[in-house]
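Biologist: Please take a close look at a single part of this model, the way one helix crosses another. Then set that part against its wider surroundings.

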Amino acid sequence: MTLDVERGAIRMAPDDLTALRIDEVLVRKMLVAFLRDETLKTGATRLVLGISGGVDSAVVAALAAEALGRENVLGLFTPYRTTADRSRTDAQDVARVFGIRLEEVPITAQVDGYFAGLPQVDRVRMGNKMARERKSIEYDRSWPDGLVLGTSNKTELLLGYGTQFGDLACALNPVGDLYKTQLRELAGHVGVPRGVIDKPPSADLWEGQTDEGELGFTYDQADVLLYHLVDRRVRPADLIAAGFDIALIAKIRERIRRNHFKRVMPLIAKVSLRTVGHDFLYPRDWEAD
Amino acid sequence: MKIAIAQCAPALGAMRRNLEMHREWIAKARATGAKLVVFPELSLTGYYLKDLAADVACAADDARLAPIAEASRDIDISAGFVERSPDAKLHIAQGYWSGGALRHVHRKVYLPTYGIFDDGRYFGPGDRFATFDSAVGVAGVAICEDLWHLSVPYVYAALGASVIFAPAASPGRGVAEGGDLGTAASCRMMDRFYAQYLTVYVVFVNRVGHEDGIGFWGGSEVIGPDGTVCARAKEWEEELLVADLDPELVARERARNPLLRDERPDLVFRVLAERMGVRVTE
């Protein structure tokens, strides 16, 4: 972390988001280089991602087009019958602005077919199925020479606000180290349409769903707290002393703990002397010689 | 005295490919008229090796390094590799080849094992700091984390070095608004501070490219003994950086600013020895 003597030490207050501001030019350069390098070294030449009409996938689409060329990026809009019309027009807008191909692949038939005959399906269970259905389509469309991009941001990853092997699944995630508010800032810089940046974030898994409504707090509240808690390793007692809400701290810390399984590879039972995931530790970018 | 810096992107675990890459950069460096070309940390193997470290390790006299020795007949070469010591310990090493032979090896002493680093899990530490004669004067090598320990450049200066080679695999991080890249700001502060206050040249050689999602930021630079930037490479991109080192500037700067002449390493030694309960006789 940089301590700028002219700006003074980092301030810690629940409503002060200044420490979260990023150098957008630098971040864009880093993420484009990441996508280009990490894609090409695998031998893949295309990138595939789901375009929801939201800000996260819009930023990833922009970065992907810049990294590999717009003709090498495929966006997939995968609506369910309850998906808002606004999501479709926003997805089309994003594809048009960044010049990438957008295909619409509805998932209503397979989701409804699967759940047909079941009396009452919980909407979270339904949402998880939809997220995995979408990802399975993205992976299929990436065959044989493409990689699937993830669009989960740092706030979602830390809070576990995502479906394991659903929206969380990907080969590369360029935005997983940016909080939602930082991603919004980057979105403005890369030219995401204003309407997409400003609308309330939503997984759009059921009518009227919003992220902040479901989580019970705002991204601004979560991000500033997560920043001090995770990035700066500030202890909860010191956060409380600085005016952060004790209940919010507890809620967010518990979400981080409870959802950690989504951030790691599956556990493998160790019985031998050398075990995948435990002490057979090779880098993913292990290159051919 | 011209020096070339190879700000390259080694392939992880692919030593044959990296040897070929070195030959290309050495040829380019030779064409500039440089007397020496310096490669980054672990330039022949890549950095985040994990268990690959044992697979790519070789003895300092291994035949796999012969092409580097061969290429050093008409230009000196400093390059990084995984050294397997005679007693089978693995080290992060930086070799110095000249006139067709390996002349010096520095083993990284400070192995960062925290945050994004895990050197201490896979490698053993070096146990010494020794200067040697390089094409551009008496030199000491500080591999990446070595340079962050201020005793290291201090010891080299006390031993008579006029240039410190700092090969690195420095991951870029810290993107707060209104500042430089966090790592770049820290490295530049160190390079300049050491150069100016020890009146030495600091040759910082960082790599570029990505390994497992981590990007190395480049920004290699040569800082003069007066604290000025003699040359600086671009960030994030490959570049062969060429700089001119002037031994006379070291002499002039030390005449003007005789900090090193007046330095008391004997006093430092005595104070530390007393603190550690070691008896020192005059």
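Modeller: A crossing is called left-handed if the near helix is turned anticlockwise from the far one by less than a right angle, and right-handed if it is turned clockwise. The model is predicted, and what follows is computed from it. In that sense, H2(A) passes H7(A) in a left-handed crossing. On the H2(A) side, the contact is made by A:Val55, A:Asp56, A:Ala58, A:Val59, A:Ala62 and A:Leu63. H7(A) supplies A:Leu183, A:Arg184, A:Leu186, A:Ala187 and A:Val190. By class, this contact has 9 nonpolar and 2 charged residues, and no polar ones.

The geometry is as follows. The axes of H2(A) and H7(A), the latter being residues 180–190 of chain A, come within 10 Å and cross at roughly 45 degrees. H2(A) is therefore oblique to H7(A), because angles under 35 degrees count as roughly parallel and those from 65 to 115 as roughly perpendicular.

Next, the core. The largest nonpolar core has 154 residues, and those that touch the most other members are A:Val59, A:Ala61, A:Ala64, B:Val37, B:Ile164 and B:Val203. Helix H2 of chain A, residues 55–68, gives the most to this core, with 11 residues. A:Val59 is thus named twice, in the contact with H7(A) and among the residues of the core that touch the most other members.

On the chain B side of that list, B:Val37 is in contact with B:Ala4, B:Ala6, B:Trp25, B:Ile26, B:Ala29, B:Ile75 and B:Ile77, leaving aside neighbours within four places in sequence.

The two chains also touch. Their contact takes 25 residues from chain A and 29 from chain B. On the side of chain B that touches chain A, helix H1 (15–31), helix H7 (182–198) and strand S10 (208–211) of chain B each give two or more residues. That side of chain B divides into 12 nonpolar, 10 polar and 7 charged residues.

Elsewhere in chain A, A:Val224 lies in helix H10, residues 219–231. A:Val224 has 23 other C-beta atoms within 10 Å and is buried, because 20 or more is the cut-off. Apart from neighbours within four places in sequence, A:Val224 is in contact with A:Pro14, A:Asp16, A:Leu17 and A:Leu20. A:Asp93 is 131 residues from A:Val224 in sequence, and their C-alpha atoms are 31 Å apart.

Technical notes:
Residues numbered from 1 in each chain as written. Chains lettered and ligands numbered in written order. Predicted model: local features only at pLDDT ≥ 70, side-chain atom pairs only at ≥ 80, totals over all residues. Contact = placed C-beta atoms within 7 Å. Helix = DSSP H or I, 4+ residues; strand = E, 2+ residues; numbered from the N terminus. Nonpolar A, V, L, I, M, F, W, Y, C, P; charged D, E, K, R; others polar. Core = buried A, V, L, I, M, F, W, Y, C linked by C-beta atoms within 7 Å. Buried ≥ 20, exposed ≤ 12 C-beta atoms within 10 Å, placed from the backbone. Axes fitted to C-alpha atoms, helices over the stretch in contact; angles between N-to-C directions. Parallel < 35°, antiparallel > 145°, perpendicular 65-115°, else oblique.
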